[in-house]
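Let's sit down with a new structure and learn how to read it, one feature at a time.

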Amino acid sequence: MAAQKINEGLEHLAKAEKYLKTGFLKWKPDYDSAASEYGKAAVAFKNAKQFEQAKDACLREAVAHENNRAYLFQAYEQAGMMLKEMQKLPEAVQLIEKASTMYLENGTPDTAAMALERAGKLIENVDPEKAVQLYQQTANVFENEERLRQAVELLGKASRLLVRGRRFDEAALSIQKEKNIYKEIENYPTCYKKTIAQVLVHLHRNDYVAAERCVRESYSIPGFNGSEDCAALEQLLEGYDQQDQDQVSEVCNSPLFKYMDNDYAKLGLSLVVPGGGIKKKSPATPQAKPDGVATAAADEEEDEYSGGLC
């Protein structure tokens with residue numbers, strides 16, 4: 001089966017080369033027909049799992065499509081996906097980014113954004129820093145198109161990766177941008193959750209003042225004051241300020257915190273107050289003294305004053 005597909009791919013390559021040749025009666029290469037044959041060759045090689053040859057066929061298709069820009073971008077993106085199959089992820093992302101830039105220049109921002117998001121997913125586990133950059137670029141494209149819900153979803157992915165990489169300064173800014181967009185689209189309950197995420201990030205930055213300011217500024221969000229999120233955050237900040245580890249742990253182990261996105265839930269569970277904190281002491285149980293000792297002590301006291309004060 002694989003050998004058959006390889007032969008099929010080679011036949012399409014030969015046909016493509018023939019379309020590109022010129023002669024006495026053929027003055028111009030037939031780029032469209034050649035591109036079509038290169039595309040067919042790429043599919044055949046891909047089915048045979050010959051990804052290097054498939055990638056080369058895609059790139060040749062892209063060159064043949066230079067006068068037909070819509071297909072040119074697609075060919076570059078397909079070449080990137082072949083590199084992904086070969087586990088050459090940085091090179092794959094590079095080609096997909098190139099295709100995305102071309103989509104933008106050609107006035108198709110939606111396709112550009114989808115390509116960038118796809119590239120982010122490819123590289124996320126290998127190079128989280130690059131993935132953050134790609135997700136932020138995608139969010140910017142969506143935001144420019146006033147597609148705020150899609151933009152904030154991509155910002156959320158970037159924020160979680162920043163938290164996972166313990167890049168808390170950048171994470172705090174990213175979450176604030178998320179929060180601003182959720183406020184703009186009037187999704188207030190999610191704003192409350194983003195405030196919790198912000199506070200946890202700031203406390204891990206050892207910046208109590210910034211954490212407190214986040215809560216204070218959130219009072220202006222409709223419904224926040226008096227919500228369970230607000231009450232929990234006030235209790236958390238109080239415990240942190242008083243270095244009461246028990247109170248902080250109690251809040252962070254509550255369902256409100258534990259069922260957040262996993263990256264933020266972990267921040268809560270690992271939060272330690274400055275100096276290691278204090279723990280509430282359980283009331284001490286008075287130890288019963290032996291009867292003999294108690295009686296002897298009473299007798300001594302009686303003897304001491306038996307003769308009066310003089």
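**Reading the helices**

Q: Before anything else, what am I looking at, and which residues of α5 are buried?
A: You're looking at a predicted model. In α5, the buried residues are Leu 89, Ala 92, Val 93, Leu 95, Ile 96, Glu 97, Ala 99, Ser 100, Met 102 and Tyr 103.

Q: How many helices and strands does the protein have?
A: Start with a count of the elements. Here there are 16 helices and zero strands.

Q: How do I check the length of a helix like α5, and what follows α5?
A: Compare its end-to-end reach with the span expected at 1.5 Å a residue. Helix α5 covers residues 89-105, which is 17 residues, and its first and last C-alpha atoms are 24 Å apart, close to the expected 24 Å. After α5 comes Gly 107, with a positive phi near 80 degrees.

Q: What percentage of the residues count as buried in the whole protein?
A: Buried means under 20% relative accessible area. By that cut-off, 42% of the 310 residues are buried.

Q: Is Gln 198 buried or exposed?
A: Look at the relative accessibility again. Gln 198 has just 2%, so it counts as buried. It sits in helix α10, residues 188-204. Skipping neighbours within four places in sequence, Gln 198 touches Ala 172, Ile 175, Gln 176, Lys 179 and Cys 214.

Q: And Ser 174, buried or exposed?
A: Ser 174 comes out at 7% relative accessibility, so it's buried too. You'll find Ser 174 in helix α9, residues 168-184. With neighbours within four places left out, its contacts are Leu 155, Ala 158, Ser 159 and Leu 162.

Q: Now a pair of helices: at what angle do the axes of α12 and α13 cross?
A: Read two things, how close the axes come and the angle between them. For α12 (residues 228-241) and α13 (residues 245-252), the axes come within 7 Å and cross at roughly 155 degrees. Angles over 145 degrees count as roughly antiparallel, so α12 is roughly antiparallel to α13. The crossing is left-handed.

Q: Which residues make that contact of α12 and α13?
A: From α12, it's Ala 232, Gln 235, Leu 236, Glu 238, Gly 239 and Tyr 240; from α13, it's Gln 247, Val 248, Glu 250, Val 251 and Cys 252. Sorted by type, they give six nonpolar, three polar and two charged residues.

Q: What percentage of the contacts link residues 24 or more positions apart?
A: Set the short separations aside before you count. Among contacts with a separation of 6 or more, 56% come from residues 24 or more positions apart.

Notes: Residues numbered from 1 in each chain as written. Predicted model: local features only at pLDDT ≥ 70, side-chain atom pairs only at ≥ 80, totals over all residues. Heavy atoms only, no water. Helix = DSSP H or I, 4+ residues; strand = E, 2+ residues; numbered from the N terminus. Buried < 20%, exposed > 50% of the residue type's maximum accessible area, 1.4 Å probe, protein only. Contact = heavy atoms within 4.5 Å. Expected span 1.5 Å × (residues − 1). Axes fitted to C-alpha atoms, helices over the stretch in contact; angles between N-to-C directions. Parallel < 35°, antiparallel > 145°, perpendicular 65-115°, else oblique. Left-handed = near helix turned anticlockwise from the far one by under 90°. Nonpolar A, V, L, I, M, F, W, Y, C, P; charged D, E, K, R; others polar.
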